[in-house]
Structure formats: C-alpha cells, structure tokens
Amino acid sequence: MDVAGFIDLLLAIGMVVLALQVVSERAVLRSIILFVVFGLVMALAWTRLRAPDLALAEAAIGAGVTGALMMMAWRRLLIINPGQPADTPRGRSGVAIPVALLAAALVAIIGLSALDIEPHANTAGQVAMDEMADTGLGNPVTGVLLLFRNLDTLLEMAVLLIALLGARAISPPARPEEAAVIESGTPLVGALLAILVPLSILIATHLLLAGTHEPGGAFQAGAVLAAGGVALVLTARMQPGARPGLVTQLGVTIGLVAFVGIGVGVMAFGESLLVLPGTWAVYLIETAMMVSIGLTLALLFAGAPALVGGRR
C-alpha cells in the first residue's frame with residue numbers, strides 16, 4: 001500500500017470511529033466537539049476525492065457554522081434549565097445497533113451498485129468542458145451550474161430565504177444574555193476578532209472571484225462570510241435585534257432578486273429563461289448571492305430577525 005492509500009484508509013477509519021463516538025458520547029459538549037472534528041475529517045475526505053468545492057462547504061458549514069449553532073443551543077438549554085445536568089441520558093436505545101447495521105448495508109449496496117454503472121457519453125460535465133471556451137469560465141463545476149443548473153441554484157436561494165422566514169415565524173424573541181458564548185472580557189478576544197473578521201471578508205472575496213476559474217463560488221464565500229458574523233455573535237459584538245431594517249431586508253433578498261431579475265430580464269432580448277448573458281452577470285449574481293447567504297446564515301445562527309451592535 002502506498003502513502004496515498006494509507007492516508008485514505010486512515011481517513012475512512014477515522015470517520016467511522018468519530019461517527020460512532022458522536023452518537024454514543026454521553027456528554028453533550030464533548031459530542032458537539034467530536035461532531036466538529038468529524039466535519040473537518042469529512043472535509044479532508046472530500047479533498048482526497050478531488051472535490052474541493054464540497055470540502056470548503058463541509059468545513060465552513062458542516063463543521064463551522066453547524067458546530068457553533070449546536071454549541072449555542074447547548075448553552076441556551078443550560079440557561080433555560082440550569083438544574084438539568086449537561087450530560088445526555090445514560091440509557092441506550094435497543095434499536096441503535098440494528099439501525100446502524102441497516103444503514104451501513106444500504107450504503108454498501110448503493111456503493112456496489114454505483115461501481116457497475118456504465119459511464120454515458122455527453123454527460124453534463126463533458127458538455128460543459130466542450131463549451132467552456134464559449135462561457136468565458138475556467139471551472140467546470142461553475143460551467144455545469146451555469147449551463148445546466150441555473151434553476152436548481154435559484155431554488156436553493158429561495159429555500160434559504162424560506163428557511164429564514166420560517167425560523168423567524170416560530171422562534172421566540174432571542175435574549176442577548178443567551179447569545180454570547182465567549183464573554184467580552186476574555187483575554188485576546190478583541191485582537192482575535194480584529195484578525196478573524198477582516199480575514200473572513202478577504203477569503204470570501206477570494207473564493208467569490210476565484211469561483212469562475214477554480215474551486216470556489218457564492219455558497220463557499222457566503223459560508224466563510226457568515227463565519228465572521230458568527231464570531232461577532234458569539235462574542236456579543238453583534239446581538240439579536242427585534243425588527244429587521246431596510247439594509248437587512250435588502251441583504252437577505254438581494255441574491256434572489258438579482259438572479260430572478262437577470263434571468264427573467266434576458267427574455268426581453270430573445271434569450272431563454274435564466275440564460276445568463278455573460279461573465280459579468282455571473283459575477284453580479286454570485287456577489288449578490290454571497291451577501292444573502294452570509295447574512296442569512298448569520299441570522300439563522302443568532303435566531304433573530306436582525307443583528308445590532310453589542311457591547312465592546
């Protein structure tokens with residue numbers, strides 16, 4: 001076995017062990033930490049599978065934002081019911097092992113079936129590569145999204161906005177004292193934020209601009225941008241607000257509005273629905289989507305309709 005195969009084997013074993021630890025760990029906080037580690041290992045696995053776009057999304061959303069959201073929920077549960085122990089119940093479900101075995105068998109069957117699938121000619125990826133010169137793009141993933149999945153991407157933005165509206169409708173008013181996980185007096189928090197927040201903006205901008213020619217794009221950039229917002233919420237630099245202002249309303253909708261506006265507007269010039277007129281339209285829509293994705297994820301994490309400046 002060569003070095004690459006040994007690394008792949010370690011990643012596979014590590015993912016299985018971490019997954020078992022996440023669902024079997026009795027301490028909630030420790031389970032959350034293991035979940036974050038599992039997400040980072042999953043990102044490495046996607047990298048080994050030559051899917052850097054998925055690796056970026058997994059590291060930013062699966063490990064980062066989701067892990068922070070779980071930690072926030074754990075803290076709020078302790079505040080709501082301080083007498084309840086932080087550990088999970090000691091009882092074990094009798095169906096856990098059979099369900100796990102059935103799930104493993106299902107994954108194995110799907111994997112073995114996929115190995116027998118014969119490749120078809122003129123797949124979306126191949127057609128995108130053949131027409132890459134006409135699109136002005138250098139990244140085949142972005143080419144597939146541009147040529148074949150415009151409607152899917154538009155619906156993903158719509159689902160994200162609906163999720164925010166649904167969460168706002170059922171969530172009770174958030175209390176600022178429940179939001180902060182890291183106290184403002186913690187040493188070096190201010191210095192860390194002074195580095196982390198500008199760095200998240202810089203990395204998000206790079207991922208956005210690089211998305212047309214290499215792995216990146218609006219969703220990865222928006223997730224990294226949201227990470228900066230999550231850090232501000234965790235340290236109470238930003239706190240939940242009662243009512244969204246005009247800037248917030250514009251920020252969460254601008255991605256969907258820009259996509260629909262350009263995708264429908266081209267029909268006036270004889271083009272088909274959602275056919276983008278050029279690379280400039282890709283950059284414009286991706287920039288608007290990045291802002292909407294980043295702000296929406298930050299608001300979902302805070303559990304609030306708006307964010308306002310907090311304590312320093």
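This is a short tour of a predicted model, stop by stop, with selections to make in your viewer.

**Before you start**

Because the model is predicted, local features need pLDDT of at least 70 and side-chain atom pairs count only at pLDDT 80 or more, while totals for chains, interfaces and linings use all residues. Numbering runs from 1 along each chain as its sequence is written, and side-chain values use heavy atoms, with hydrogens and water left out.

**Stop 1: the whole chain**

Show the cartoon for the protein and you will find 13 helices and two strands. Both kinds of element are DSSP runs numbered from the N terminus: helices are H or I with at least four residues, strands are E with at least two. Now colour by accessibility: of the 312 residues, 35% are buried. Buried means under 20% relative accessible area, exposed over 50%, and partly exposed in between, with a 1.4 Å probe and protein chains only. If you draw a contact map, counting heavy atoms within 4.5 Å as a contact, residues 24 or more positions apart account for 73% of the contacts with a separation of 6 or more.

**Stop 2: the cavity**

Select Met 157, Leu 160, Leu 161, Val 252, Leu 256, Ser 292, Ile 293 and Thr 296, which line the largest cavity. A cavity here is a set of points, on a 1 Å grid over the protein atoms alone, where a 1.4 Å probe fits but cannot get out; lining residues have an atom within 4 Å of a point. How many cavities of 30 Å³ or more are there? The count is one. The largest cavity holds about 40 Å³ of space, where the volume is the space filled by probe spheres set on the points, and grid points are joined across faces, edges and corners.

Colour the helices next: H8 (150–170), H12 (246–265) and H13 (279–302) each give at least two residues to this lining. By class, the lining has six nonpolar, two polar and no charged residues. In this scheme Ala, Val, Leu, Ile, Met, Phe, Trp, Tyr, Cys and Pro are nonpolar, Asp, Glu, Lys and Arg are charged, and the others, Gly among them, are polar.

**Stop 3: Ser 292**

Stay with the lining and centre on Ser 292, in helix H13. Is Ser 292 buried or exposed? Ser 292 counts as buried because its relative accessibility is 1%. Turn on distances: the Ser 292 side chain reaches the backbone oxygen of Gly 251 at 2.8 Å. Beyond neighbours within four places in sequence, Ser 292 is in contact with Met 157, Gly 251, Val 252, Thr 253, Ile 254 and Gly 255.

**Stop 4: the nonpolar cores**

Select Leu 256, Phe 259, Leu 276, Ile 285, Met 289, Ile 293 and Leu 297, the residues with the most contacts inside the largest nonpolar core, which has 23 residues. H8, helix H11 (218–234), H12 and H13 each supply at least two residues of this core, and H13 gives the largest share, seven residues. A nonpolar core is a set of buried Ala, Val, Leu, Ile, Met, Phe, Trp, Tyr and Cys residues joined through side-chain atoms within 4.5 Å.

Zoom in on Leu 297: outside four places in sequence, Leu 297 is in contact with Leu 160, Ala 223 and Ala 226. Apart from the largest core lies another, of nine residues, among them Leu 11, Leu 18, Phe 38 and Val 41.

**Stop 5: H10 and H11**

Pick Ala 231 in helix H11, which is buried with a relative accessible area of 11%. Not counting neighbours within four places in sequence, Ala 231 is in contact with Leu 193 and Leu 196. Measure to Val 197 as well: the C-alpha atoms of Ala 231 and Val 197 are 7.7 Å apart, with their positions 34 residues apart along the chain.

Then select Ser 200 in helix H10 (189–210), buried at 7% relative accessibility. Setting aside neighbours within four places in sequence, Ser 200 is in contact with Val 224 and Gly 228.

**Stop 6: Pro 244**

Finish at Pro 244, in the loop between strand E1 (238–241) and H12. Pro 244 counts as partly exposed because its relative accessibility is 21%. Pro 305 is 61 residues away in sequence, yet 5.6 Å from Pro 244, C-alpha to C-alpha. Leaving out residues up to four places away in sequence, Pro 244 touches Arg 168, Gln 249, Pro 305 and Ala 306.

Notes. On a 1 Å grid over the protein atoms alone, a cavity is a set of points where a 1.4 Å probe fits but cannot get out, and a pocket is an open set with protein on both sides within 12 Å along at least five of seven lines; lining residues have an atom within 4 Å of a point. A polar contact is a pair of N or O atoms within 3.5 Å; within protein, one must be able to donate a hydrogen and the other to accept it, and residues adjacent in sequence count only if both atoms are side-chain atoms.
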